[in-house]
Amino acid sequence: MDTQPRCCIAGGGPAGMVLGLLLARAGVPVVVLEKHLDFLRDFRGDTVHPSTLEILHELGLLDVFLQRPHDRIEELRVTFEGRCIPVADFTHLPSHSKFLVLMPQWEFLDFMCDEARRYPGFELWTDAEVIGLLQDKGRVNGVKVRRGARAGQPQDVELHASLVVAADGRHSALRDAAALPHISYGAPIDALWMAIPKQAGDPSTTGGYIARGRFLAMLNRGDYWQCAFVIPKGGHAALQARGIEAFHEEIGKVAPFLAARLPSALPGWDAVKLLEVTVDRLEAWSCRGLLCIGDAAHAMSPVGGVGINLAVQDAVAAANLLAQALAGAASEKEIDALLPQLQRRREWPVRVTQAAQRLIQDRVLVPVLGGELASGSGQLPWPLRLLARWPLLRRLPARTVGMGVRPEHVKSPRA
């Protein structure tokens, strides 16, 4: 890119890459900054919901996207003390894709990058970590970037832009640098992520396993399971102190068919990644010259796997709002006047979703971990009894998870 970008996006995750694609498509010169050398990292959210698939359909990209390696999930199930219960049926959703897609996040990001590079205004910088904001007369007008650190050749540069977008996740350096106040709700749980090889005879469905005070989520990734073992907040150190063999026993008690392969699959704690769950939301998503989207604006619980899909919705709404102004001759003052509108558009869906996640954490996961929902008699909790008996009810959680609250549609122009 020979000219100064109109927009600089910090963070090459789903929100940053989708916004970069949409802005470049609208003729906006845009640079996306990714601090790592590539997208190849595991244990990142990889459930692509029908709401996101609908965005791809509107862009004319759905068919080619589905040529990437993926698994389709038309139904989610929960196994409660050995009994398998369908809880969500996606086949009746009002969308072109009546299923979830499980796809490694690096595949999703690589696809978005390939599509964005078709437009001359798009540029991706890898090994480019944002380390600070540039300001002029109290307005953000760019970022300080450390390039090449992971390649052993660090060089600090300045990148100026009419708008900086923070899409750099729940530990956003930019929202901290801008001192944007936030509301933290905390969370009563953390999650331990791991990969466990599949074997012949394993169940084929993605879902959750509940038994005797334990909860294990299992995502079918083809030749292995991506698993999340939910633990009480702050319980990681105590679990480690008991040893990896004790952890194998914990998993074996909730999913006995995994027990024999755990010593080879998880030989030590290096094979287990801790996700410290946080739920928070910025009070103000923007200031002059800076806009926060995705987890940088609102960190989500992993409940429902909605995080990346909410981030994509933010990106689409941001492009709808800003693409025309950024592609044209709008002044910085005119751009700044638009920024609060994104929060007004997207804050209500975030509030509703976070409230639902907190309710599930407090009313379902905490009782599960405390053993309150365990039942030697095999009696199902009443929500599972209703879902087991009335298939029509399974459409409600499918709609809530699959489409979300106020799904966005592509309205940004194509240059």
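**Notebook: packing around helix α9**

I began with the handedness of one helix pair and found that α9 passes α10 in a right-handed crossing. I note that the model is a predicted one.

I next looked up which residues meet in this pair. On the α9 side I listed L310, Q313, D314, A317, A318, L321, L322, A325 and L326. On the α10 side I listed I335, L338, L339, Q341, L342, R345, R346, V350 and T353. I sorted the residues of this contact by character and obtained 12 nonpolar, 3 polar and 3 charged.

I then turned to the geometry of the pair. Helix α9 covers residues 307-327 and helix α10 covers residues 332-369. I found that their axes come within 10 Å and cross at roughly 160°. Angles over 145 degrees count as roughly antiparallel, and I therefore recorded α9 and α10 as roughly antiparallel to each other.

My second entry concerns helix α1, residues 14-25, which packs with α9 at an angle of about 30°. I noted that the axes of α1 and α9 are 8 Å apart. Because angles under 35 degrees count as roughly parallel, I entered α1 as roughly parallel to α9. I also looked up the handedness here: α1 passes α9 in a right-handed crossing.

For the contact itself, I listed P14, A15, V18, L19, L22 and L23 from α1. From α9 I listed I308, A311, V312, A315, V316, A318, A319, A323 and L326. I sorted these residues too and counted 15 nonpolar, no polar and no charged.

Conventions
Residues numbered from 1 in each chain as written. Predicted model: local features only at pLDDT ≥ 70, side-chain atom pairs only at ≥ 80, totals over all residues. Heavy atoms only, no water. Axes fitted to C-alpha atoms, helices over the stretch in contact; angles between N-to-C directions. Helix = DSSP H or I, 4+ residues; strand = E, 2+ residues; numbered from the N terminus. Parallel < 35°, antiparallel > 145°, perpendicular 65-115°, else oblique. Left-handed = near helix turned anticlockwise from the far one by under 90°. Contact = heavy atoms within 4.5 Å. Nonpolar A, V, L, I, M, F, W, Y, C, P; charged D, E, K, R; others polar.
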